[in-house]
Every structure is written in structure tokens, then in C-alpha cells.
Amino acid sequence: FKQTKRLRILRKPLVREGETLLKGRRVLMITRGKDGEPETELLVTPSEARLYHPRLKRLEVFPIAPGSAPPTPFPLFGSDLHDLPTRYRLRLEAHAEGERTLVLIPRDTKSPLTETRMRFRGTRILKVSQQSRRGDRVEIDVTRFERNVKIERALELEIAPGTKISRFGG
């Protein structure tokens, strides 16, 4: 994927590339810096989100309360689909050429996100965008999408010794 972050505190968008792996109810999203090395790694499980910054040796852990929207750009993956209407207000928008956009608005008023938009052509995801309450926007253009790829390894973070761990909301 190609990720573009438009943050209020930055003059220019921050553009990075990376990959997202989905296995069972776990999502691992790795964003790489210009040198190709991991810049951030986000692991989302049904019970928590762990955001690791390897270069800073910092790990942030966020619990996911039952019924709350998980902090992942791919909310359809890693969670139960039947929970979506509980966690989000949903709307489907049709476009030309068979494309559709699923708009997800968190029901949790404390969510840092105002909406997530997922654009599809058939079952292929094309783009995901998220808007935060602070006005920041993250867009992910899916450059390659492979289904049913066998992932040999467990989706876990490899935390370096000496990493500072911060826990939020729990």
C-alpha cells in the first residue's frame, strides 16, 4: 500500500509505503520509511491495538472495549462482521464501473475518528481513508491485493529490548 498522512501539524503530506497482513482476527500493518526499514508496526487483535515505533523504541498499547470501533484502517478485517452495525453507522455509496464505498461512522462518541471510507471494486479493496476529530486525514491506496495467501508466521510484534511501553485507557 501507499499511505498519505495529511496532518494539521505538517506543511506537506507524509507519504510512506507498507504492507498489511490479515490472519484470523489479527491485523498487522507495517509502514516503511524511505530507507525501507519499518517505521511503525500496528498489530490489532480483538482485545487491543499495539503501535510499535522500532526506531524510537516505543510501544503504545490501547485496549479495545467490547462494542467499540477498533483503531485500524481496515475495520472489516480482524473483527466480526456482524458487530459492524453495533460499532458503526453504515452507509454504502455506489459509483461508476461497479465501484462502491462503504462509509463507517463510529457510534462511540469518544472515538478519535469521525469516519472511515473503504472503496471497493467487487471484493477488491482499492482505497481506505480516515478522518480524525482533529482534522487529520490518512489515505491508504491499495497497490496490490492478494487473497488467501498462506502466511507462515504468527502475526506478532518483535519488540527490541529496552523499548518503553505506554498503556492507554485501561
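This is a short dialogue on reading the predicted model shown above.

Reader: Before we start, what kind of model is this?

Author: It is a predicted model, where local features need pLDDT of at least 70, side-chain atom pairs count only at pLDDT 80 or more, and totals for chains, interfaces and linings use all residues. Residues are numbered from 1 along each chain as its sequence is written, and side-chain values use heavy atoms, leaving out hydrogens and water.

Reader: Which elements does the chain have, and in what order do they run?

Author: Helices (H or I, at least four residues) and strands (E, at least two) are DSSP runs, numbered from the N terminus. Here there are 12 strands and one helix. Starting at the N terminus, the order is β-β-β-β-β-β-α-β-β-β-β-β-β.

Reader: How much of the chain is buried?

Author: A residue is buried under 20% relative accessible area, exposed over 50%, and partly exposed in between (1.4 Å probe, protein chains only). In this chain of 170 residues, 39% are buried.

Reader: Which residue in the loop between β5 and β6 has a positive phi?

Author: That is Lys 57, which is not a glycine, yet its phi is about 50°. Its loop joins β5 (48–53) and β6 (58–63). With a relative accessible area of 39%, Lys 57 is partly exposed.

Reader: And where is Glu 97 found?

Author: Look in the loop between β7 (88–94) and β8 (99–106). Glu 97 is not a glycine either, and has a positive phi of about 60°. Its relative accessibility is 67%, so Glu 97 counts as exposed.
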